[in-house]
Amino acid sequence: MHARPAVEVSGLNVKIGGKSILKNVNLKVPEGTITSIMGPSGSGKTTLLRVVNRLIDLIDDVEVSGAVKVFGNSVLEMDPYDVRKTMGMVFQIPNPFPHLSIYDNVAIGAKINGIARNKKELDEIVKWALIKAMLWDEVKDRLKDPPWRLSGGQQQRLCLARALALKPKLLLLDEPTANIDPVNTIKMEDSLRSLRDEGITIVMVTHMPHQAVRLSDYIIMLYDGSVVEEGPTGEIAINPRHEVTRRFLRGEI
Ligand SMILES: Nc1ncnc2c1ncn2[C@@H]1O[C@H](COP(=O)(O)OP(=O)(O)OP(=O)(O)O)[C@@H](O)[C@H]1O
Ligand SMILES: [Mg+2]
C-alpha cells in the first residue's frame, strides 16, 4: 500500500485527569482505504478518533501532545470547527436530530455550509447521500417523517447519509454497527465498500475482529493506549506478528 497517508499521527500522547490514555501513538491511514482501528474495550480507540476530529476538546482536564495530520493539515493547530467540517462522523449509537424530518436530517449540514445553492441542488444532494447510504429505497416515500419512525439500523444509515451530505473525503466511524442487526450491518458494510471505491477514506473503530478482517484493507491494532501492530489486512489476518493481535483475532481478549 503506497498511497499517501490520509491521516498521519506522530508521537501522540493523551492524558485525561493525569492518566495516560494514548502513549506515543504513531500510525498512518493510507488514503482511499477502509482502515480498522481494532482493539479491546478501553484500549483508546474512541479517544484516538476524538483527537482526529477534535471532540477531545470537549473533555475536561485533558493534555494532548504530538502531531496529527489529515491530508497534510495539522488538526491540532486548526480551529476545531474547521477540522470537523472536513470529515464525516458516525457514532456507535444512532443520533439523528429527533425534531427534524428524515429529509432535513440529511439536508441540514449541506444547507448550513452552503454546499447546496438552491432547493434543486439540495434535493439532489439528499437523494445522492441516501442512495450512497443504501437507505433511499426505504425512505423515498416518507422523507417528511420523523427519524424515530425508522428502525435502529435505518437510523444509523440516516446518520451516515447526514455525514455524506457534506461530501467529506474522510469518514470516521466509531463502532457503527455495534447496535444494529446483521441485515443492517451488511447494508452498512456494503455502503462503506462502495464509498471506499469512490475514493473516500474510511477509518472505522471496531472491537469485532471478524468485521475488521471482512471489511478493511488496512488494520491498526491498539492495546492499552499503544499501537502494537499495523499493516494490510491480508498480512495481519494471516500472519500477525504480535501475540496480542494473535490472541485478539482468536477472540481470547
Ligand atoms: N472523558 C473521559 N474521562 C475520563 N476517562 C476517560 C474519558 N474518556 C476515556 N477515558 C478513559 O480512557 C480509556 C480509553 O477509553 P476509550 O473510550 O478511548 O476506549 P475504547 O477503546 O473506545 O473502548 P470501547 O471499546 O469500550 O469503546 C479508558 O480507560 C477510559 O476510561
Ligand atoms: Mg469506544
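Below is an exchange between a reader and the author about a predicted model and the terms applied to it.

Author: This is a predicted model, in which local features need pLDDT of at least 70 and side-chain atom pairs count only at pLDDT 80 or more, while totals for chains, interfaces and linings use all residues. Residues are numbered from 1 along each chain as its sequence is written, and chains are lettered from A and ligands numbered from 1 in the order in which they are written.

Reader: What makes the chain as compact as a globular protein of its length?
Author: The radius of gyration, taken over C-alpha atoms, is set against the globule rule, 2.2 Å times the number of residues to the power 0.38. For 253 residues the rule gives 18 Å, and the chain has 18 Å, so the chain is as compact as a globular protein of that length. Along the principal axes, the C-alpha atoms fill a box of roughly 50 × 40 × 35 Å.

Reader: How many helices and strands does the chain have, and how are they assigned?
Author: There are 10 helices and 10 strands. Helices (H or I, at least four residues) and strands (E, at least two) are DSSP runs, numbered from the N terminus.

Reader: Why is Val9 called buried?
Author: A residue is buried if 20 or more other C-beta atoms lie within 10 Å of its own, exposed if 12 or fewer, and partly exposed in between, with C-beta atoms placed from the backbone. Val9 has 23 other C-beta atoms within 10 Å, so Val9 is buried. Val9 is found in strand E1 (residues 5-16). Of the 253 residues of the chain, 43% count as buried.

Reader: What is Val9 in contact with, leaving aside its neighbours within four places in sequence?
Author: Two residues are in contact if their C-beta atoms, placed from the backbone, lie within 7 Å. By that test Val9 is in contact with Val25, Asn26, Leu27 and Val68.

Reader: Why does Arg54 count as buried?
Author: Arg54 has 20 C-beta neighbours inside 10 Å and therefore counts as buried. Arg54 lies in the loop between H1 and strand E4 (62-70). Its phi is near 65 degrees, a positive value in a residue other than glycine.

Reader: Asn24 also has a positive phi in a residue other than glycine; how exposed is Asn24?
Author: The phi of Asn24 is near 45 degrees, and the residue is found in strand E2 (residues 19-30). With 14 other C-beta atoms within 10 Å, Asn24 is partly exposed.

Reader: Why is Asp190 called exposed?
Author: Asp190 has 12 other C-beta atoms within 10 Å, so Asp190 is exposed. Asp190 is found in helix H7.

Reader: What makes H1 mostly covered?
Author: Seven of the eight residues of H1 are buried. They are Lys45, Thr47, Leu48, Leu49, Arg50, Val51 and Val52.

Reader: What surrounds ligand 1, and which residues come nearest?
Author: A residue is near a molecule or strand if its C-beta atom, placed from the backbone, lies within 6 Å of it. There are 13 residues around ligand 1, of which Ile21, Ser41, Lys45, Thr46 and Thr47 come nearest. Helix H1 (residues 45-52) gives the largest share of this shell, three residues. By class, the shell has three nonpolar, nine polar and one charged residues. Here Ala, Val, Leu, Ile, Met, Phe, Trp, Tyr, Cys and Pro count as nonpolar, Asp, Glu, Lys and Arg as charged, and the others, Gly among them, as polar.

Reader: Where do the domain bounds come from, and how do domain 1 and domain 2 touch?
Author: The bounds come from an automatic or database domain assignment. Domain 1 is 5-86 + 169-249, and domain 2 is 97-161. Their centres, over C-alpha atoms, are separated by 26 Å. The contact takes 12 residues from domain 1 and nine residues from domain 2. On the domain 1 side, helix H7 (residues 182-197) supplies the largest share, seven residues.

Reader: What makes a set of residues a nonpolar core, and which members of the largest one touch the most others?
Author: A nonpolar core is a set of buried Ala, Val, Leu, Ile, Met, Phe, Trp, Tyr and Cys residues joined through C-beta atoms within 7 Å. The largest has 71 residues, of which Ala161 and Ala165 touch the most other members. This core draws at least three residues from each of domain 1 and domain 2.
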